Amino acid sequence: MALTGVLRPGHTQLRVLDIEESVKFYTNIFGMVETGRDKAGRVYFKCHDERDHNSLILRKADRAGMDFYGFKVRDGKTLDRLESDLKAYGVNTERLPAGEMLETGERVRFEAPTGHIFELYAEKTEVGDGRGYINPDVLIDDRKGISPIRLDHWQIHGDNIDGSRDLFINVLGFYLVEHIVAEDGKTDLAVWLSCSNKAHDIAFVRDERNDALHHAGFYVETWEQLLRAADLMAKNRVSIDIGPIRHGITRGTTIYAFDPSGNRLETFCGGYDFYPDMKPYTWTADEMGAGIFYHTRALNERFLTVVT
Ligand code: FE
């Protein structure tokens, strides 16, 4: 599939309770690279393998959670088209000026039916991954900590997931890859959507709590690195929710853990390649446990209840 519209999760702004404690965590333990700070006191990070200036922005706040979720689109023309498509669908949009975020162009912001704030943008300064573009090496020097290679996806919760699912499919060009369906055989309890070849770029879960973050997912390249991530979390007394374990849904491997503010992070690896001609997988509500955690076939209470 040629990727021509929405490309990928590009950036996300996370609320943290203590900025310097969080900077230490995201730099030394999670292993991202600090790329800048702005006048508002926000701190910008990227993963080593990402080429754009930033993918994670930390903002100090008195409660944890996510301010907004940003997708990079192919180019300025695509941004204009999607903005008018959103308006035609009945969604209010707002343009934020270039430079409001460091090294980032104009953003088109809108609220999804689940209450989450999304943004689309086309421009972000390319700073490279440190390899250069001629005869690049495989290894990047000075990787610290877990060192995921990219911001991969989000799982977010809200009441009207039908509305958010339809908006993402009908306006933004996402595909339904997997879903969990209620006992009635038709109500979606959760949907996994892709805008790319990944098994998911975002998941929406039905929950009476709107605008809720379940987790932000970051990708590591191998199962061995995932195990190493768990070792690093244990060594550094990071609060692990569950894992390492495998998902039935996406077939990815995973660890869920909490940052110092209580935001859940997923260290994710694997998952199958998706193409738009693939029929969605359906999980029935009684097998939801296996869909989420394939080996134990059961969900823990914390996983079900804690969101930020
Ligand atoms: Fe996930």
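Two strands are taken to pair where DSSP finds at least two bridges between them, and on that basis this predicted model contains an open sheet of eight strands with mixed pairing, in the order β2-β3-β4-β1-β5-β8-β7-β6. Because β2 (33–37) and β6 (93–96) stand at the edges, each with a single partner strand, one side of each is left without a neighbour in the sheet. From one strand to the next, the twist averages 25 degrees.

At the β6 edge, four bridges join β6 to β7 (residues 107–111), and the two strands run antiparallel; Thr93 stands opposite Phe110 in β7. Elsewhere on the sheet, helix α1 (residues 19–29) lies across β1, β2, β3 and β4, and runs at about 160 degrees to β4. The elements named in that packing arrangement are listed below with their residue ranges.

| Element | Residues |
|---|---|
| Helix α1 | residues 19–29 |
| Strand β1 | residues 6–16 |
| Strand β3 | residues 43–46 |
| Strand β4 | residues 56–60 |

The model also holds an iron ion, whose protein donors are His153 through NE2, His215 through NE2 and Glu266 through OE, lying 1.9 to 2.1 Å from the ion. Along the chain, these donors follow the spacing H-x61-H-x50-E. The pair formed by His215, in strand β13 (residues 212–219), and Glu266, in strand β16 (residues 264–270), links distant parts of the chain, the two residues being 51 residues apart. Both His215 and Glu266 are buried.

Definitions and conventions:
Residues are numbered from 1 along each chain as its sequence is written. This is a predicted model: local features need pLDDT of at least 70, side-chain atom pairs count only at pLDDT 80 or more; totals for chains, interfaces and linings use all residues. Side-chain values use heavy atoms; hydrogens and water are left out. Axes are lines fitted to C-alpha atoms, for helices over the stretch in contact, and angles run from 0 to 180 degrees between N-to-C directions. Contact means heavy atoms within 4.5 Å. Donors are N, O and S atoms within 2.8 Å of the metal (3.2 Å for Na, K and Ca); water is not among the atoms, so sites may look incomplete. Buried means under 20% relative accessible area, exposed over 50%, partly exposed in between (1.4 Å probe, protein chains only).
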